[in-house]
Structure formats: C-alpha cells, structure tokens
Amino acid sequence: MLDVNVIRADPEKIRTMLINRNKSTDILDRFLAADSEWRALTDRNNSLRKIRNEESLKISKLPKGEEKDAAIKKMRDVGDEIKANDKKMEDLELVRTDCVLNIPNIPHESVPIGKDSDDNVVVYEWGEHRKFDFTPKQHYEIAEDLDIIDFDRAVKVAGSGFYCLKGDGARLERALVSYFLDMHHEQGYTEVFPPVVVNKEALIGTGQYPNLKDDMYHIEKDDMFLNPTAEVPVTNLFQDEILAKEDLPIKYTAYLPSFRREVGKHADTKGIVRVHEFNKVEMVRFVLPETSWPALEELRNDAEDLIKGLNLPYRVLLLCTGDMSFSCAKCFDLELYAPGKDAWLEASSCSNFTDFQARRARIKYRPEPHMKSEFIHTLNGSGLALPRTMVAILENYQNKDGSVTIPEVLRPYMKGQETICKKK
RNA sequence: GCCGAGGUAGCCAAGCCCGGUAUGGCGGCGGUCUCGAAAACCGCUGGUCCCUGACCUCGGGAGUUCGAAUCUCUCCCUCGGCGCCA
C-alpha cells in the first residue's frame, strides 16, 4: 500500500507508474474522487463532533428543565447528521480502500521500463552448460525411470498438478531442504516454522489479497487460505508491531509447503515445473529503510550461494516494470538452466518491497526515542523453490545409464550416497 | 462443541454494577541536583490532520443515548474447566 499522502501530492507520478506497469489508471481517478469527498466529510464530521463534545458536557451540567430539553433536541439533530455523514463515508471508504489496496508499489528508478517478460534484463550468467555425449532427458522421464516420482498415484489422492516423491526422490527433497536451511543458518537467518494456513488479514499484509485471491486455495468454512508462499506467514508475524531499532535487521528463514491454483496456466503441465503444491525455503528480512537496497543485494547473494553450492548453471534477471509482481519495488529472478528441457526455470525471486508491505501490515520501528514511529522495509527471496531445483539437478546431473549423480553438498544429508540408480 | 473468567496506552492494573474530559503504577526518554551515578523531584512517553488547535483511540463491528471504556447485540482472541480427539 502506498502512502495516501504520496498519491494526493503527486497523482501524475502514480499515473505514469501505473502505465509503466501495464495497469489501468482508472483506479487512480476513482481513488482521487472518493478521497476528496471522503476528506470533506471527515472535516465536516470533525467539526460536528467538536460541537457535540462541548455541548454534551454542558448538558450534563444543566439542571432538568426546558433549557436542557432544548439543548438535547438540538444535539439530536447534530447526532443525526453525523450518523448520515458516516453512512455516506462508509461507501466512499469502501471505494477508497479497494483502490488503495489495488494500487501496486512504485518501481525503483533502476528498474527497466518494459511491457512483459521479454523486456526483462539478463544481468549475468554463471556456470558452464554441460556438454552431453548423449541426448539429455527431461526430468520426468528420468524420475519415472528411476521410480523416484509417482505422478499417477498422486492424482488419485489430490488430482492433477500434484505429485508424490518416492524413495531417493523423497530423500533428495529432504536433503535439499536441510542444505538450504543449514546454509541460511550460516548466513545469519533464524529458522521459523509458521502456520501453513493463513487468514485474509495476513494476505492483505503482504499484498496477495485482493489481487491474487483467485490463485489461492480458500477454505470457505473458516475463511482461511492455504499459504501461497512463506513470505505471507513469516512477514506477518510482526503485523501491528513497533520493532526495537536495535533488533533490526531481523532475518528469518522458513521451510513451508506452498499452494497455488494456477488457474488458466496450461504451460508445463507435464512434470513438476508448475504444480499446485510445492515446498519452498524462503528468506525474509525486516530492515531499516535506509538499508533495504544493499539488503536486496545481500539477499540475492544468499540465494545465489545455494545454487553455486549445487554447481548448477543459472542466470540473474532484473525484472522490468511490466513483469514485476504487485508489491515489489525491485525484483531479481534467479533462473536455473535445465538442459533436458533446454529452458531457464525460475527458482528464486528476490524482492525489495520497501515500505509497501510494512504499511499494509503495520510493521514499524521508532527511529529515535520519542520520535514518531515509521514503517520498516521488508524483503524476501526464495532460497530456493524445491521442484525446479530438483528438475535442474536431475537434468544437469543425469548420466548416460539413466542414473543421477547426487551433488556433493547434498551427500552428507543422504548418508554419503553418491548416485541415484535404478532399483532392480 | 459446552460452561466460566478475561481483553484498557510499551508492560501491569483501576474505572464498568450505577453512562458525563482515559486514572494510577512500572519501564523508557529528557530535565533539576551531582565530579559522576543512584535516590528524590519535574516534564514527556497511542494515532490522524488543514498541527498555537481539533478529532479519533479502552479486542473488532453494530445498536441505544444529547453523550458509551461503562448499557444491549454480535464476532474474534486469551486463560481455566468439561466433552471429543491424532
């Protein structure tokens, strides 16, 4: 959520931003109209309340009689007008809130202006693309040959878009989670395991609600949602808090399943590149405003170190204005190269949300004792999404005989095992 | 799920029955004093705005009233007891 004062002060800046983000500017005009009317009514009610407060106190001191009755009658009219104005304001408030909750964050000046993913900028690539002396297979072929992922039986349990890891596949998943969390621990993050089910307030806090509401699983009876990303429960842990300045920065990491309905997205239906439920390790940082830009670089480095450790080729993308998600001021995607598919797979998204989420979730700090509290800045990044890391490992580490070599850093987590071979 | 007790400022409490300006303590910050500190004393210590001032704020929302922390309804949360249960 943007500061409404910023919107009022320079609406044209917001208009340009919306255009750069490929969004309609109607929302801005609706906001401005509702806001000015709302403000006028607020002022009117403010002065009416002042009168009522003063007169009510006088009434309490008047003796019973005609004078008192007349004063009460007069105040009854004032009360009625206040109530009528409140009623009008209710509708305006709905429009105002709806608008302000749907206006995206302002991109940082270093973000390239562009229409869609074609305009994203490749910052750099890392790692050699392996030369194969055979035709590399796709991950689902490898996985099915090795019997480490069962797609068909998972469908019986949950439907399409779900999968079941098995044997060394399940063990590899667990090894990856442990490796990620241990690395983050060394990078100074505190591990948390928050609830997997989140409420609407939390989703508003991080910006998934209302604009992504149709892409989440909703538990109607309790009006709860299945977590779409650990960013939601972790960031909202500090909802409505004023954090001590000396406690910042706070660095949290969490391993949590994530759920996405993926409506209307039909690409990559085969395999585990796009699925409804996937595990992810997430990093979240709560920082002082003046430190959030260097913190974004650090966060990205933390994620990159995981990939480097696994020795997977990857590239860093700087997302353009049109492709960036709603709450971001700036976002880097880390994409792993998958040679079987011959494609780049997004395994991490590292973003600075500046004060956008903090304002929605009301997370503040006090710059100096007795000074007004101010919003902190929040950042998060995947470190990393499990399925796509799994895909990249299977495809990059596959051998001619159908086996897969286990990356060295994961072997300690798998009792020293070096390869995943076909069971006889 | 049922019954009971609660939710008041950073923290702890009073006020609620019986409606009339949000009361005290702790902690924190500043000042006086001191070589310095402690103690003592004084002041400050929720939010918004068009900031000499006003309005809002007692878990959320609605209602009654000239006026609601206080009365009524409703929802949420915490604690305790009972029931059910992996």
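A residue is near a molecule or strand if its C-beta atom, placed from the backbone, lies within 6 Å of that partner. The model is predicted: local features need pLDDT of at least 70, side-chain atom pairs count only at pLDDT 80 or more, and totals for chains, interfaces and linings use all residues. Residues are numbered from 1 along each chain as its sequence is written, with chains lettered from A and ligands numbered from 1 in the order in which they are written.

**Exercise 1.** Describe the surface near RNA strand B.

*Solution.* Step 1: 18 residues lie around RNA strand B, and Lys50, Ser56, Ser60, Met75 and Gly79 come nearest. Step 2: two or more residues are given by each of α3 (26–61) and α4 (66–102); helices are DSSP runs (H or I, at least four residues), numbered from the N terminus. Step 3: α3 gives the most, nine residues. Step 4: by class there are four nonpolar, eight polar and six charged residues (Ala, Val, Leu, Ile, Met, Phe, Trp, Tyr, Cys and Pro count as nonpolar, Asp, Glu, Lys and Arg as charged, the others, Gly among them, as polar).

**Exercise 2.** Determine how helices α5 and α12 are arranged.

*Solution.* Step 1: the axes of α5 (residues 139–146) and α12 (residues 386–396) come within 9 Å and cross at roughly 80 degrees; axes are lines fitted to C-alpha atoms over the stretch in contact, with angles from 0 to 180 degrees between N-to-C directions. Step 2: the two helices are therefore roughly perpendicular (65 to 115 degrees). Step 3: His139, Ile142 and Ala143 of α5 meet Val391, Leu394 and Glu395 of α12 (contact requires C-beta atoms, placed from the backbone, within 7 Å).

Key:
Parallel < 35°, antiparallel > 145°, perpendicular 65-115°, else oblique. Contact = placed C-beta atoms within 7 Å.
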